[in-house]
Amino acid sequence: MSGLYRSAMSARLAKLPPPPPTRVCEYDDDAAIAEEAEDEEDEEGDTISALPGQGLGFFADALQVATPSRHLDSRVYYTPPKFKDGTVMVCHHGAGYSGLSFACFAKEVTEMTKGECGVLALDARRHGKTVSTDGEDASSDLSVDVLVADFCAIVESLVGHSMGGSVVVRSSQTLMEEKYKISGVAVLDVVEGSALDALPHMNSLLNARPDGFDSMEEAVEWHVATNTIYNPTSARVSIPSIIKHDEGAVPPYQWRTPLRSTAPYWLSWFKGLSSSFLATRTARLLVLAGTDRLDKELMIGQMQGKFQMVVIPDVGHMLQEDDPTRLAEILVEFWRRHEG
């Protein structure tokens with residue numbers, strides 16, 4: 001089933017399989033980090049603001065990257081590879097989440113590759129700490145073409161989760177035309193057929209999701225208690241970036257990106273995903289949480305050997321948070337096989 005479907009449905013499930021054992025990651029409260037930043041110009045004139053301490057223990061740096069062509073000031077979390085011109089896994093989160101959903105995964109990749117492979121995770125427009133430079137209304141469009149253009153402004157190597165997988169797949173051709181070397185594309189837990197089948201039921205299922213929370217701690221606890229995220233360590237890192245404090249709201253802790261507000265874009269995210277994935281001119285990997293049903297196009301493609309598929313057991317839709325160690329093992333192996 002789709003990521004949106006799982007996210008809403010999880011609140012109604014009484015009990016899911018017990019979470020897999022996970023490694024403990026160091027926790028750093030995003031709210032406690034100093035706001036001061038020192039600006040420097042990159043080679044193309046985009047302003048990059050370093051945010052000392054944010055993502056400490058997971059990423060080497062947290063940056064605000066101004067991309068004037070996209071009218072965005074984008075939050076990027078980055079650990080560079082230790083060698084010049086090394087590979088970077090660039091991660092795009094799913095709807096309603098943020099780049100910090102890849103925090104524990106990024107730490108695992110860095111440790112497994114001894115720094116040979118870098119990791120970059122970004123916050124999409126209207127998500128996390130990315131803001132529009134032209135006002136909130138100007139950044140409201142979450143159609144897949146807009147997200148693809150945003151993504152191409154920042155990244156070179158690709159990996160995407162759920163809605164982000166759709167962006168990743170559609171971006172690869174553009175990036176290759178611009179002579180970027182893309183070793184492979186990985187899509188995490190999204191299948192076009194299942195996602196489209198779930199869309200008619202989404203509004204009623206989202207009623208199970210609370211409008212907000214009385215505290216940040218309650219928001220973290222809700223995600224863990226409902227098994228939306230199995231791994232409490234990862235939830236403590238990622239959830240503060242998707243919740244905002246609004247003194248005038250009831251309750252005062254609100255979603256930064258209410259999923260119901262993204263409804264006009266759901267169809268664009270998933271329609272045509274399978275054909276775009278199979279047409280991508282690089283190595284392809286599909287990682288699923290559980291035995292999701294492949295649609296006809298993917299079933300034929302799998303029988304023809306057009307992509308690699310791996311199923312991770314005992315995880316939910318947020319597989320990069322639920323079992324970051326196993327996902328890192330899969331993607332590092334995929335990278336080593338196709339790098340060259």
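**Salt bridges in a predicted model**

The side chains of Arg-337 and Glu-333 meet in a salt bridge, 3.0 Å from N to O. The model discussed here is predicted.

Me: How many residues apart are Arg-337 and Glu-333 in helix α13?
Reply: Both residues of this salt bridge lie in helix α13. Their spacing is about one turn of the helix, which is 4 residues.

Me: Is Arg-337 buried, partly exposed or exposed?
Reply: The relative accessibility of Arg-337 is 42%. Buried would need a value under 20%, and exposed a value over 50%. Its partner Glu-333, at 46%, is partly exposed. By the cut-offs, Arg-337 therefore counts as partly exposed.

Me: Which residue forms a salt bridge with Asp-150?
Reply: Side chains of opposite charge can pair when their charged atoms come close. For Asp-150, the closest N and O atoms of the pair are 2.7 Å apart. The cut-off for a salt bridge is 4 Å. The partner is Arg-70.

Me: How many residues apart in sequence are the parts that Asp-150 and Arg-70 tie together?
Reply: Asp-150 forms a salt bridge with Arg-70. Asp-150 lies in helix α3 (residues 144-152), while Arg-70 lies in the loop between β3 (61-67) and β4 (72-79), so the pair ties together parts whose separation in sequence is 80 residues.

Me: Is Asp-150 buried or exposed?
Reply: Arg-70 has a relative accessible area of 21% and is partly exposed. For Asp-150 the relative accessibility is 9%. Because buried means under 20%, Asp-150 counts as buried.

Me: Which residues do salt bridges with shared partners join into one network?
Reply: Asp-150 and Arg-70 form one salt bridge. Salt bridges that share partners make a single network of Arg-70, Arg-125 and Asp-150.

Me: How far apart are the closest N and O atoms of Glu-339 and Lys-181?
Reply: Glu-339 is partly exposed at 30% relative accessible area, and Lys-181 is exposed at 52%. The two form a salt bridge, with the closest N and O atoms separated by 3.8 Å.

Me: Where does Lys-181 lie?
Reply: The pair with Glu-339 links distant parts of the chain, 158 residues apart. Glu-339 is in the segment after α13 (324-338). Lys-181 is in the loop between α4 (163-177) and β9 (184-188).

Me: Over which residues does pLDDT stay under 50?
Reply: The mean pLDDT of the protein is 82, and 78% of its residues reach 70 or more. One stretch stays under 50, and the model has 104 contacts beyond four places in sequence for it. That stretch is residues 4-53.

Notes: Residues numbered from 1 in each chain as written. Heavy atoms only, no water. Helix = DSSP H or I, 4+ residues; strand = E, 2+ residues; numbered from the N terminus. Buried < 20%, exposed > 50% of the residue type's maximum accessible area, 1.4 Å probe, protein only. pLDDT = per-residue confidence, 0-100. Contact = heavy atoms within 4.5 Å.
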